Amino acid sequence: MNGKDTITDTSKTVLTITTALLVVYLFTGWQWTIWTGVILGVAALFSKTASGFIHSGWMKLAYLLSLIIPKILLTIIFYFILLPLALISRIVNKEPALKLRNNSDTMYTERMKTFTKEDFEKPW
């Protein structure tokens with residue numbers, strides 16, 4: 001990555017943060033979001049060093065969130081979607097989906113079926 005790409009990346013990061021703060025102001029009306037956005041934008045506009053600090057701080061925050069958020073989302077999906085579905089399935093279906101308990105001498109099930117010509121015509 002050359003120096004020009006780094007300046008573009010830091011500028012995009014600061015612009016994104018500033019825009020996000022202004023959108024938060026539109027929805028909530030919090031005055032501090034406007035002032036924070038203006039301060040960040042002006043600091044990044046006049047100083048490459050400040051822009052680099054803002055960019056690196058934002059990337060560190062993004063890395064930290066990438067360690068935490070997926071675990072939270074997967075926990076929510078498991079406990080609020082998959083577990084209730086599994087419990088409902090277990091209550092509704094009396095016969096287990098997997099034959100894990102061996103109640104007979106063999107695991108093979110005999111099937112008394114006479115095959116016809118139609119059984120072999122469209123196997124899939």
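Reader: Why is Tyr-25 called partly exposed?

Author: In this predicted model, Tyr-25 has a relative accessible area of 25%. Buried means under 20% and exposed means over 50%, with partly exposed in between; the value of 25% therefore places Tyr-25 in the partly exposed class.

Reader: Where is Tyr-25 placed, and with which residues is Tyr-25 in contact, leaving aside its neighbours within four places in sequence?

Author: Tyr-25 belongs to helix H1. With neighbours within four places in sequence set aside, Tyr-25 is in contact with Trp-30, Gln-31, Thr-33 and Ile-34. As for spacing, Tyr-25 and Thr-10 are 15 residues apart along the chain, and their C-alpha atoms are separated by 23 Å.

Reader: What makes Ala-44 a buried residue?

Author: The relative accessible area of Ala-44 is 18%. Since buried means under 20%, Ala-44 is therefore counted as buried. This residue lies in helix H2. Its C-alpha atom is 8.5 Å from that of Thr-10, although Ala-44 and Thr-10 are 34 residues apart in sequence.

Reader: How do you know that the helix containing Ala-44, H2, agrees with its expected span?

Author: Helix H2 covers residues 31-46, which is 16 residues. At 1.5 Å a residue, H2 should span 22 Å, and its end C-alpha atoms are 23 Å apart; the two values therefore agree.

Reader: Why are the buried residues of H2 said to line one face of the helix?

Author: The buried residues in H2 are Thr-33, Gly-37 and Ala-44. Viewed down the axis of H2, the buried residues fall within an arc of 45°, so they line one face. On the other side of H2, the exposed residues are Trp-32, Trp-35, Ile-39 and Phe-46.

Reader: What makes up the largest nonpolar core?

Author: Five residues make up this core: Val-14, Ile-17, Leu-21, Ala-44 and Ile-54. Helix H1, residues 3-28, gives the largest share of the core, three residues. Members of a nonpolar core are buried and joined through side-chain atoms within 4.5 Å. Ala-44, with its relative accessible area of 18%, is therefore on the buried side of the cut-off of 20%.

Reader: Which contacts do Ala-44 and Ile-54 have, leaving aside neighbours within four places in sequence?

Author: Ala-44 is in contact with Val-14, Ser-51 and Ile-54, its neighbours within four places in sequence being left aside. On the same basis, Ile-54 is in contact with Val-14, Ile-17, Leu-40 and Ala-44.

Reader: Which residues line the second largest pocket, and which element gives the largest share of that lining?

Author: The second largest pocket is lined by Ser-11, Val-14, Leu-15, Thr-18, Gly-41, Ala-44, Leu-45 and Ser-51. H1 and H2 are the elements that give two or more residues to the lining, and H1 provides the largest share, four residues. The volume of this pocket is about 160 Å³.

Reader: Why is Phe-115 called exposed?

Author: Phe-115 has a relative accessible area of 55%. Exposed means over 50%, so Phe-115 is classed as exposed. Phe-115 is placed in the segment after helix H3 (48-92). Phe-115 and Lys-71 are 44 residues apart in sequence, and 51 Å apart in space from C-alpha to C-alpha.

Terms used: Residues numbered from 1 in each chain as written. Predicted model: local features only at pLDDT ≥ 70, side-chain atom pairs only at ≥ 80, totals over all residues. Heavy atoms only, no water. Buried < 20%, exposed > 50% of the residue type's maximum accessible area, 1.4 Å probe, protein only. Contact = heavy atoms within 4.5 Å. Expected span 1.5 Å × (residues − 1). Arc of directions from axis to C-beta. 1 Å grid on protein atoms, 1.4 Å probe; cavity = no way out; pocket = protein on both sides within 12 Å on 5 of 7 lines; lining within 4 Å. Points joined across faces, edges and corners; volume = space filled by probe spheres on them.
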